[in-house]
Amino acid sequence: MTKNKHGIAWAIAALVIIIIGGCGFAWHYGQTHFAPGTIINGQSVSRLTVTQADKKLSSSSSKVKNRVYLNNKLLVDGQDQKLTKVTTAQVKDALTNHHGLFASKTNKTVDISNSDTTLTYRNNTLQKQVTQAVADYNKKATAAHPTYYYLKNGAIKEQASTTGTQVDAAKVLAKYKSQVNKLQDIKINTDYVKATKADSTRAKKTKQDLEQGLSKTLVYHVGGKDYKLTGSKYLVNSTPGKTPSVDLSALKTELTDINNADSTQGKSIDVKLLNSGKTVSTNTSTASNYGWSLNVNTEAAMLAKKFIDSSVKTNAKVDMKNYSGQNISYNRSSAIGSTRVEINLSTLHEYVYVDGKQKVDIPVMSGTLSGNHETPTGLFHILYKQSPSTLTGNNDNGSRYSSKVSYWEPLTEDGVGMHDSPWQPAKVYGNPSYRDTYHSHGCLNNPPSKMKSVWDNTSTTEPVIIYK
């Protein structure tokens, strides 16, 4: 073997000895020293021997502070807890499971302090205090929000965004729980809650609603007329970040003016009769049911929503929706048109007109002029049409009647209407002298041979004038 080869062999041998020695040292060190990050009784014993750890623990305080910090500021200062001293035997026993030179720093807290009371306090009383303190903190803290838009004096303003100082309570509590067993001050660092994408989208939507609402005009169709209502007149100052609102008082005032001018329900209406040219004042009877009247409050609420609803575009036509009255046609250009029915109770004659042209002129029989079977006078409209139909009610003696008819056109909710009456003698129609004996229960009895012509020339919602 050459001299050079002998040198290499000795070098390799020396290296092996060094490695073996180093490994032996590391192994011995790891077996006799606590792993990095190990905490006993709230004290760090990282890389200490049993003797060193025992000495440190013996000289340390027997109390643990229950202070909780949030982002470096004291959140809760709980009660101090007394800790039981750790014996040398307990320290040796702890080293068995928590030794090592290169061990991980995670989960190395050693609970050998007989600190059940302390941990119970931290997991119950202190945890509840932290939960409440975080809630109180968030109430006082500033919520993060994107740029807000709002209305002030008819102009759209914006409020700058803010990062806010509120925290996520669930994340704070989770971080608290992760430090409970360390028996040290609990220090929680967490980011502030940011405005969400949904918040930003909602804010932009508010701005769009404000812009559209200010420029929007609704074409309100009622009583055969169109009224233009402009949003800039009704939108009022709004709170930043909140949905724009409408001045309902102003809108109600506008609708009240429209209602007073155009509604027909309960108003006296002078009507010039087509059959005689005579003018009668009608719709004054409490029995009259013709016409409509706005429910101002509910109509105002309905229109207000449309002003701030982005799906409703400007110049959208809005029909009257909330009104009192029957299912009447409120689109007529005048209260009473030239298509109508006129019934004269004095002469017992019924006239049907379509566009001012007389289609029917027939004799009828009515109810009495007063009393329980009185035919009401006033202005009515045809509620609906039914063919055939069965009329039911009570006779004067209390018995029930059930009469089949071919055509039925009711005018009132309590059963007064126009129908054929096959049970009446032909002589009674148009003859007031027979009314006392052959009167109806209030209806307008039509001759069976003539009623079809009435049916063919009338329609639902058509006005019917009954007069003496």
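Modeller: In this predicted model, a helix is a DSSP run of H or I with at least four residues, and helices are numbered from the N terminus. By that rule, residues 296-307 form helix α8, and E299 lies within this helix.

Biologist: How many helices and strands does the chain have?

Modeller: The chain has 10 helices and 29 strands. Of its 468 residues, 40% count as buried.

Biologist: What makes E299 a residue without a salt bridge?

Modeller: The nearest side chain of opposite charge is that of K321, 7.5 Å away. A salt bridge requires a side-chain nitrogen of Lys or Arg within 4 Å of a carboxyl oxygen of Asp or Glu, so E299 has none, although it is buried.

Biologist: Which polar partners does the side chain of E299 have, by side chain or by backbone nitrogen?

Modeller: The side chains of E299 and Y220 are joined at 2.5 Å. The E299 side chain also reaches the backbone nitrogen of K321 at 3.2 Å. The cut-off for a polar contact is 3.5 Å, and both distances are within it, so both pairs qualify. Beyond four places in sequence, E299 touches Y220, L255, L294, M320, K321 and N322.

Biologist: Why is K216 described as having no salt bridge?

Modeller: For K216, the nearest side chain of opposite charge belongs to D309, 6.2 Å away. The limit is 4 Å, so this pair does not qualify and buried K216 remains without a salt bridge. K216 sits in the loop between α6 and β11.

Biologist: What does the side chain of K216 reach?

Modeller: It reaches the backbone oxygen of V312 at 2.8 Å. The distance is within 3.5 Å, so the pair is a polar contact. Leaving aside neighbours within four places, the residues in contact with K216 include L229, T230, K306, F307, D309 and V312.

Biologist: How do you know that R202 and D199 form a salt bridge?

Modeller: Their closest N and O atoms are 2.7 Å apart. That is within 4 Å, so the pair is a salt bridge. Because R202 and D199 are 3 residues apart in helix α6 (residues 197-215), about one helical turn separates them. D199 has a relative accessibility of 23%, and the partly exposed class runs from 20% to 50%, so D199 is partly exposed.

Biologist: How far apart are the closest N and O atoms of D209 and K205?

Modeller: They are 3.1 Å apart, and the pair is a salt bridge. D209 and K205 both belong to helix α6, 4 residues apart, about one turn of the helix.

Biologist: Which class, buried or partly exposed, applies to D209 and to K205?

Modeller: D209 has a relative accessible area of 7%, which is under 20%, so D209 is buried. K205, at 34%, is in the range between 20% and 50% and is therefore partly exposed.

Biologist: What makes D262 and K225 a salt bridge?

Modeller: The N to O distance between their side chains is 3.1 Å. Since the cut-off is 4 Å, the pair therefore qualifies. D262 lies in helix α7 (residues 248-262) and K225 in strand β12 (residues 225-230), so the pair ties together parts that are 37 residues apart in sequence. D262 has 11% relative accessibility, under the 20% limit, so it counts as buried. K225, at 40%, is between 20% and 50% and so is partly exposed. A search of the whole structure finds 8 salt bridges.

Biologist: Why is Y148 called partly exposed?

Modeller: Its relative accessible area is 22%, and the buried class ends at 20%, so Y148 is partly exposed. Y148 is placed in strand β8 (residues 148-152). Its C-alpha atom is 5.2 Å from that of G241, a residue 93 places along the chain. Beyond four places in sequence, Y148 is in contact with K157, E158, Q159, A203, P240 and G241.

Biologist: What volume does the largest pocket have, and which residues lie nearest its centre?

Modeller: The volume is about 560 Å³. The pocket is lined by 27 residues, and Y401, G415, V416, H441 and C443 lie nearest the centre. Strand β24 (389-394) and strand β25 (400-405) each supply at least two lining residues. The most comes from β24, with 6 residues.

Key:
Residues numbered from 1 in each chain as written. Predicted model: local features only at pLDDT ≥ 70, side-chain atom pairs only at ≥ 80, totals over all residues. Heavy atoms only, no water. Buried < 20%, exposed > 50% of the residue type's maximum accessible area, 1.4 Å probe, protein only. Lys, Arg positive; Asp, Glu negative; His and termini not counted. Polar contact = N/O pair within 3.5 Å; in protein donor to acceptor, adjacent residues only side chain to side chain. Contact = heavy atoms within 4.5 Å. 1 Å grid on protein atoms, 1.4 Å probe; cavity = no way out; pocket = protein on both sides within 12 Å on 5 of 7 lines; lining within 4 Å. Points joined across faces, edges and corners; volume = space filled by probe spheres on them.
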